[in-house]
Amino acid sequence: FFSYGIVGLFLAMTAIAFFFPQKNSFAAQPQNIIIENARLDAIGGDIVFNCTISITAENELMVLLKDGAVIELSAEITLERKRTMWANATLDSRSYSSILRHDPLTRDFSASTYLGTKNDSSKDRNLTRLLYNAWGNLTFPVSSVQTLRDQDPDSEFVVTAKFKLRHTEVP
């Protein structure tokens, strides 16, 4: 074991995690984030990424939220100029966060959304309706059209969208 160094330690930790799974953990259950209708649009002088997000295990999410869990959907949208000899050059990167909670007194689910300087909050007793209103039609500013015009006209660009759904306060 010790002769394998870091690789051996990683394999041992993986084995321990496999044999002692967490109970009642949202991360331990199989989850899928479904991204639909993903597209890039030019609106005015900005390039935006539009999509619809839903999850497959909505009932399990509802149980966790009612038990006091706080769940975060985060996204990072990155615009890069493609290069052949070196790593791609990052031209712009934006972050997004949406926090889901349940209030046991009012029995409302709430979604607080943070996109740069724009903050939005909504509440609903119906989690399905809240998720549709909060994540049903997301628009992420990627960059300005001028940023692309300032580049070499023969350049190719890559937009990467990374989404993560996680339990923010793991016990």
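What share of the contacts in the protein chain with a separation of 6 or more is accounted for by residues 24 or more positions apart? In this model, which is a predicted one, the figure is 57%, and I would like to keep that number in mind while we go through the chain, its core and its charged pairs.

Let me begin with the overall layout. The protein chain contains four helices and eight strands, and, read from the N terminus, these elements follow the order α-β-β-α-β-β-β-β-α-β-α-β. Of its 171 residues, 34% are buried, and the accessible surface amounts to about 11500 Å², with carbon and sulfur atoms contributing 54% of that area.

Turning now to the interior, the largest nonpolar core has 30 residues, and the members that touch the most others within it are Leu61, Tyr96, Leu100, Trp135 and Phe140. Two or more residues of this core come from each of several elements, among them strand 2 (46–55), helix 2 (58–66), strand 4 (89–103), helix 3 (127–135) and strand 8 (157–167).

Leu100 deserves a careful look on your screens. Leaving aside residues up to four places away in sequence, Leu100 touches Leu61, Leu65, Ala69, Val70 and Ile71, and also Ser110, Ala111, Leu130, Leu131 and Trp135. Ser110, which appears in that list, lies in strand 5, and it counts as buried because its relative accessibility is 15%, which falls under the 20% limit. With the neighbours up to four places away again left out, Ser110 is in contact with Ile99, Leu100 and Arg101, as well as with Ser122, Lys123 and Leu130.

There is also an aromatic side to this picture. The structure holds three aromatic pairs, and ring pairs join Phe49, Tyr96, Phe140 and Phe163 into a cluster. Two of these names, Tyr96 and Phe140, are ones you have already heard among the core residues that touch the most other members.

Let me move on to the charged groups. As a general point, side chains of opposite charge can pair when their charged atoms come close. How many salt bridges does the structure hold? There are six, and I will take you through some of them.

One of them joins Glu72 to Arg166, with 3.0 Å between the closest N and O atoms. This pair connects distant parts of the chain, since Glu72 sits in strand 3 and Arg166 in strand 8, 94 residues apart. As for their surroundings, Glu72 is buried at a relative accessible area of 12%, whereas Arg166, at 38%, is partly exposed.

Another salt bridge is formed by the side chains of Arg94 and Asp92, at 3.2 Å from N to O. Here Arg94 is partly exposed, with a relative accessible area of 31%, while Asp92, at 18% relative accessibility, counts as buried.

A further salt bridge brings Arg129 together with Asp124, and the closest N and O atoms are 2.7 Å apart. Is Asp124 buried or exposed? Asp124 is buried, with a relative accessible area of 15%, and its partner Arg129 counts as partly exposed at 45% relative accessibility.

To close, I would come back to where we started: 57% of the contacts with a separation of 6 or more are between residues 24 or more positions apart, and the pair of Glu72 and Arg166, which links strand 3 with strand 8, is one that you can find in the structure for yourselves.

Definitions and conventions
Residues are numbered from 1 along each chain as its sequence is written. This is a predicted model: local features need pLDDT of at least 70, side-chain atom pairs count only at pLDDT 80 or more; totals for chains, interfaces and linings use all residues. Side-chain values use heavy atoms; hydrogens and water are left out. Rings of Phe, Tyr and Trp (its six-membered ring) pair if their centres lie within 6.5 Å; planes under 30 degrees apart count as stacked, over 60 as edge-to-face and the rest as tilted. A nonpolar core is a set of buried Ala, Val, Leu, Ile, Met, Phe, Trp, Tyr and Cys residues joined through side-chain atoms within 4.5 Å. Buried means under 20% relative accessible area, exposed over 50%, partly exposed in between (1.4 Å probe, protein chains only). Contact means heavy atoms within 4.5 Å. A salt bridge is a side-chain nitrogen of Lys or Arg within 4 Å of a carboxyl oxygen of Asp or Glu. Accessible areas come from the Shrake-Rupley method with a 1.4 Å probe; for residues, only the protein chains shown count as cover.
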